[in-house]
Amino acid sequence: MSAMLDEKKAEAPAPGWVARLPLAGKVGLGLVIFWIATAIGGPWLAPYDPGAFAHQDVFAGFGAVHWLGSDYLGRDVLSRVLSGARYSVGLAAASAIAASSIGTGLALIAALAPRWLDEMLSRFMDTLISIPSKIFSLVLVAAIGSSLPLLFLIATLIYIPGAYRIARSQAVNLAQMDYVQVARTRGEGSAYIAVREILPNMLHPMLADFGLRFVFIVLLLSGLSFLGLGVQPPDADLGSLVRENISGLGEGAPAILVPALAIATLTVGVNLLIDALPRRRGSKEG
Amino acid sequence: MAASPASSNGGTSFLLTLLVKRVASGLLTLFLVALVVFIVSGLLPGDAAQEMLGQSATPEAIAALRQQMGLDQPATIRFLRWLAGLLGGDPGFSMVANMPVADIIASRLPNSLILAGLSTLVAVPLALAIGIASAMRQGGRLDRALNTTTLAMVAVPEFLIATIAVLVFAVQLRWLPSIALMPASGTFLDLLRALAMPILSLSVIVVAQMARMTRAAIIAQLGLPYVEMARLKGVSPARLVLVHVLPNAIAPIVNAMALSLSYLLGGAVIVETIFNYPGLASLMVNAVTSRDMPLLQACAMIFCGAYLLLVLVADIVAILANPRLRNR
């Protein structure tokens with residue numbers, strides 16, 4: 001489809017489900033679209049090189065040339081936020097996708113596997129879920145380090161158990177359904193039952209759970225970066241930007257407020273959107 | 001129907017079995033958590049002896065030190081020894097600080113407990129008020145406003161809350177110090193003043209979740225027949241919630257409070273760091289930076305223990321409050 005057609009589609013009246021969203025949900029949807037676009041196009045939109053010393057002053061305020069002022073080294077804050085968003089959104093999205101998929105996959109295995117395997121797997125996941133995520137991440141960072149691939153691994157590992165727990169409760173219920181019994185009687189294999197009969201019926205709750213998991217991971221990774229244990233220089237996600245400009249707090253510099261607000265608008269946006277989506281009962285945070 | 005002594009006795013013992021089972025399962029989880037923490041923190045090759053002596057040490061010197069430190073033992077033995085040490089109050093020796101881990105933690109733990117305790121004291125009444133007000137006007141404008149606010153607050157990063165608190169109270173208004181130094185001497189008021197901002201930040205972090213769960217607990221009660229009965233006999237909404245519903249909702253509310261207090265643990269990591277507060281969480285962050293594994297493991301176990309304790313309390317309250325289990 002050409003770009004022009006895409007634009008036309010965007011101008012057309014919003015599809016029904018968007019119109020039915022409550023106001024908070026529409027705000028959330030707008031924020032989510034804004035941040036996805038920023039994560040994809042941000043680096044090209046940046047007016048300056050994020051590493052360049054573009055301003056004479058450090059911690060400059062809002063201005064006409066440098067919209068969001070300058071940071072502790074006189075770099076352009078807008079450019080740094082635009083390129084930092086890619087790390088925050090991208091890394092968290094990748095980890096959330098991995099955690100949700102692996103959690104769902106393991107849950108399907110647990111629901112159809114022999115009882116002992118299900119119990120072992122569930123016991124293991126219960127153990128991992130009993131370690132507070134921030135504490136677990138600190139232990140993992142100390143143990144294996146915090147390069148970008150490792151941060152991806154750490155966030156994925158920490159949020160698999162939560163996805164597994166939700167997915168398993170769904171899958172175990174669905175496995176008792178008549179149509180699954182029918183498929184079994186028909187002689188279908190476990191893999192077919194898992195993928196064609198059970199999975200499609202749990203996609204909806206798992207998508208909502210994926211959104212929550214994304215929020216948790218953004219908060220976890222930016223928290224780690226804020227502590228100086230996450231994304232390492234010269235790369236910088238939004239949490240790193242808050243950390244490196246912490247000395248501007250006394251002046252109320254935009255350099256510290258803007259990245260912190262950026263993270264908040266991203267996570268709050270996703271949260272508002274998920275909450276506004278029509279959903280079935282029984283899905284819980286975890 | 002009055003229960004006969006025999007059956008109520010049977011009920012008590014059934015309840016007791018249930019509680020003992022729950023506590024045992026909690027202890028098993030704690031043991032498994034310890035196993036995970038131990039395994040994870042030993043993932044990378046290289047050990048404490050190597051690190052202490054540096055790259056230039058001779059293999060013989062390293063081997064001697066490893067033997068002295070017990071690192072040549074199989075992992076199972078080291079794990080059991082570490083676990084026994086933890087239980088006996090001796091979680092090892094910090095090579096980095098050249099001090100027993102127990103001493104370092106003893107100097108920090110009380111600070112964290114004070115901060116957590118005071119934050120709880122602020123957060124609980126606030127969350128109760130918001131949750132009750134919200135539930136009483138379920139679906140109304142106030143409820144929707146509070147609901148959206150708390151929903152948003154749940155997703156706000158802790159450091160933004162702390163940053164805004166500093167900006168407003170220390171920079172703009174100049175009411176409070178921006179660093180939480182524990183006053184060496186002074187009245188309780190001095191202490192409160194020094195801790196006001198960490199307490200404020202931590203409370204805000206916890207209140208949102210707590211208020212949401214309180215609201216849910218009360219609303220769950222509002223759908224029950226006895227509430228309809230009270231409503232039909234003309235009880236005012238305020239009296240309905242405060243006199244009729246609240247006593248019945250106490251257990252789910254306590255359950256909600258215990259679970260939301262676990263947000264204190266994660267929040268403390270950020271808040272203690274940003275305010276330079278000498279507590280356990282900032283100690284743990286320092287342990288990560290200096291790769292002080294014995295200290296890190298001990299801190300992690302204290303946090304995991306606290307978390308499991310909160311979950312256990314929440315579960316026990318739920319069990320005790322369930323009349324079907326109580327009178328069985």
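In this predicted model, Leu296(B) has contacts on both chains. Setting aside neighbours within four places in sequence, Leu296(B) touches Val139(A) and Ala142(A). From chain B, Leu296(B) meets Ser41(B), Met284(B), Ala287(B) and Val288(B). Leu296(B) also belongs to the largest nonpolar core, which holds 171 residues. Val81(A), Val139(A), Ile217(A), Met284(B), Leu296(B) and Cys299(B) touch the most other members of that core. Two of the contacts of Leu296(B), Val139(A) and Met284(B), are thus named again among these core residues.

The contact between the chains draws 38 residues from chain A and 40 residues from chain B. On chain B, six helices each give two or more residues to the side that touches chain A: H1 (5-41), H6 (141-154), H7 (158-172), H11 (263-274), H12 (280-289) and H13 (293-321). That side of chain B comprises 31 nonpolar, 7 polar and 2 charged residues.

Helix H12(B) is mostly covered, with 8 of its 10 residues buried. The buried residues are Leu280(B), Ala281(B), Ser282(B), Leu283(B), Met284(B), Val285(B), Ala287(B) and Val288(B). Their cover comes from both chains. It includes helix H6 (133-144) of chain A, and helix H5 (101-136), H11 and H13 of chain B. Three of these buried residues, Met284(B), Ala287(B) and Val288(B), are contacts of Leu296(B).

Just after H12(B) comes Arg291(B), with a positive phi of about 50°. Arg291(B) sits in the loop between H12 and H13 of chain B. Arg291(B) counts as partly exposed because 18 C-beta neighbours lie inside 10 Å. A second non-glycine residue with positive phi is Asn98(B), at about 55°. Asn98(B) occupies the loop between strand S1 (93-94) and strand S2 (99-100) of chain B. Asn98(B) has 7 C-beta neighbours inside 10 Å and therefore counts as exposed. Most residues other than glycine have a negative phi.

Chain A contains 11 helices and 0 strands. The C-alpha atoms of chain A fill a box of roughly 75 × 50 × 30 Å along the principal axes. Of the 286 residues in chain A, 50% are buried. Contacts in chain A often span long stretches of sequence. Among those between residues at least 6 apart, 70% join residues at least 24 apart.

One helix pair in chain A was examined further. Helix H8 (residues 178-186) and helix H9 (residues 190-226) of chain A pack at about 150°, and their axes are 10 Å apart. H8(A) and H9(A) are therefore roughly antiparallel. The crossing of H8(A) past H9(A) is right-handed. From H8(A), the contact uses Tyr179(A), Val180(A), Ala183(A) and Arg184(A). These residues meet Ile193(A), Glu197(A) and Ile198(A) in H9(A). By class, this contact has 5 nonpolar, no polar and 2 charged residues.

Beyond H9 of chain A, a cis peptide bond joins Pro233(A) and Pro234(A). Its omega is about 10°. Pro234(A) lies in the loop between H9 and helix H10 (238-244) of chain A. Most peptide bonds are trans.

Key: Residues are numbered from 1 along each chain as its sequence is written. Chains are lettered from A and ligands numbered from 1 in the order in which they are written. This is a predicted model: local features need pLDDT of at least 70, side-chain atom pairs count only at pLDDT 80 or more; totals for chains, interfaces and linings use all residues. Two residues are in contact if their C-beta atoms, placed from the backbone, lie within 7 Å. Helices (H or I, at least four residues) and strands (E, at least two) are DSSP runs, numbered from the N terminus. Ala, Val, Leu, Ile, Met, Phe, Trp, Tyr, Cys and Pro count as nonpolar, Asp, Glu, Lys and Arg as charged, and the others, Gly among them, as polar. A nonpolar core is a set of buried Ala, Val, Leu, Ile, Met, Phe, Trp, Tyr and Cys residues joined through C-beta atoms within 7 Å. A residue is buried if 20 or more other C-beta atoms lie within 10 Å of its own, exposed if 12 or fewer, and partly exposed in between; C-beta atoms are placed from the backbone. Axes are lines fitted to C-alpha atoms, for helices over the stretch in contact, and angles run from 0 to 180 degrees between N-to-C directions. Angles under 35 degrees count as roughly parallel, over 145 as roughly antiparallel, 65 to 115 as roughly perpendicular and the rest as oblique. A crossing is left-handed if the near helix is turned anticlockwise from the far one by less than a right angle, and right-handed if clockwise.
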